[in-house]
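Dear colleague,

Please find below the structure that I am handing over to you, together with its sequence. My findings follow directly after it.

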Amino acid sequence: MLVVILFIMAYLFLPVIGEFLIYLDGGYSVAPGKVDASLVAANLVFCIVLIFVAYIVAYSFQRDKIFRFGVKYEERTLNRIIVAMIFVAMFVFLIAGYKFLVLGVPRGQLRVGFGWYGFIYKWVVQYLTPALLCLAGYIYRFGSGAKGQGKKVASIFLLAVLVGVFTGYKSVVVTVTLPFGAIMASKGIDIKKLALALGFMIVALIFTTALVRGIAYSEAIAFLVYRLTTMTAYGAIAVWEYFPNGGGEDAFKLAYGVLGNNLASLLAGGAASDYGFLYHNISKLMTYLAYANHQGAVDGTTNITVTSFGEAVYMLGDFYLLYAIVSGLIVGGVLRLILSGLSGGRISSVMSLVFLFMVILPWFNSGGIFSLISIPVWIWMLSTQTMILLIVKGRW
């Protein structure tokens with residue numbers, strides 16, 4: 001569970017660190033606006049309140065009894081997961097990997113050019129893949145420990161990594177495997193192994209960044225620090241600059257996020273790539289206001305991360321801490337479901353982990369509280385749970 005908590009804190013506090021670094025440098029005006037002490041303090045308090053409320057909710061419960069799959073069902077389930085992951089990897093390769101790795105199509109062009117099958121693609125990559133890997137992790141971590149399970153789980157892990165590679169984004173490789181890492185660390189963490197794993201990840205990030213961008217390793221380190229801190233704060237800075245007292249009535253337009261971009265734009269009377277849709281998507285709006293590349297903001301090829309704090313200020317103005325309290329209740333409830341299943345391997349815990357890493361953490365990073373209850377998200381979640389139940393209990 002420590003890994004989960006660390007990632008929640010990282011997503012919340014890295015933008016605060018970015019703001020603080022700018023402030024220490026004299027509070028100069030970056031592209032989105034000026035950073036002052038009040039912004040840093042407000043964001044810090046917001047994060048502390050959210051974490052505190054989430055902690056109280058998550059840890060005020062009694063653990064459930066231990067649940068086991070049974071050796072027979074463990075083997076059958078792992079075999080089914082391998083079959084499913086092979087089909088998933090083949091699908092992602094044909095849809096994206098072949099175009100990116102073989103034909104050299106730019107990643108950004110791929111991302112906005114999927115068309116009707118983009119909905120299925122996103123489900124397969126961001127929901128089904130981590131859920132299948134999570135399920136395998138639960139069996140391995142809490143199951144019988146039968147001989148040969150380690151090799152099968154390793155195969156499933158490698159297939160999940162391939163899925164991430166085929167998307168063309170190294171960040172996807174990380175995100176689809178993070179829930180699995182949380183499960184593997186759920187029975188306690190060896191500090192030395194954790195330090196070794198983190199060191200390996202950092203070195204890999206530095207090496208790949210230097211290779212992809214064609215820069216020196218020292219420049220790659222500076223870029224990564226800047227990207228993980230200062231750049232993640234740009235959206236919140238923009239909100240603080242343009243809407244310090246909130247967005248007023250326009251903030252209600254964000255509620256269209258419940259419907260998802262395509263359906264929301266249809267009901268709003270235009271395409272998601274139209275200028276009129278900006279106020280229905282806070283990330284697009286802040287990108288449009290803070291950057292000179294207006295067309296990139298509108299069509300989605302350029303964007304800044306607003307963060308949940310930025311969205312809180314835009315929606316509620318001076319009452320942004322109410323947003324922090326509600327957010328803490330939501331996060332605490334999800335953590336509670338995860339904890340209640342870590343004693344056994346409940347499917348509800350698998351789904352809660354997927355929801356945390358694939359919906360809540362991106363919400364922290366980019367805003368969009370209404371996405372938590374959006375129609376697309378719940379279609380993806382229900383489809384994923386159906387597949388998990390079919391793999392565990394289905395007759396095939």
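In this predicted model, lysine 152 forms a salt bridge with glutamate 75, and the closest N and O atoms of the pair are 2.9 Å apart. Lysine 152 belongs to helix α6 (residues 149–167), whereas glutamate 75 belongs to helix α3 (residues 71–102), so the pair ties together parts that are 77 residues apart in sequence. Glutamate 75 has a relative accessible area of 19%, and it counts as buried because the cut-off for that class is under 20%.

A salt bridge also joins the side chains of aspartate 250 and lysine 253, with an N to O distance of 3.3 Å. Aspartate 250 is partly exposed, at a relative accessible area of 26%. Lysine 253 is likewise partly exposed, its relative accessible area being 31%. The count of salt bridges in the model comes to two. As general background, side chains of opposite charge can pair when their charged atoms come close.

I also examined helix α5, which covers residues 118–142. At 1.5 Å a residue, its 25 residues should span 36 Å, and the C-alpha atoms at its ends are 35 Å apart, which agrees. Helix α5 nevertheless bends by about 35° at valine 124. This helix is mostly covered, with 19 of its 25 residues buried.

Yours sincerely

How values were computed
Residues are numbered from 1 along each chain as its sequence is written. This is a predicted model: local features need pLDDT of at least 70, side-chain atom pairs count only at pLDDT 80 or more; totals for chains, interfaces and linings use all residues. Side-chain values use heavy atoms; hydrogens and water are left out. Helices (H or I, at least four residues) and strands (E, at least two) are DSSP runs, numbered from the N terminus. The expected span of a helix is 1.5 Å times one less than its number of residues. The bend at a residue is the angle between axes fitted to the seven residues ending there and the seven starting there. Buried means under 20% relative accessible area, exposed over 50%, partly exposed in between (1.4 Å probe, protein chains only). A salt bridge is a side-chain nitrogen of Lys or Arg within 4 Å of a carboxyl oxygen of Asp or Glu.
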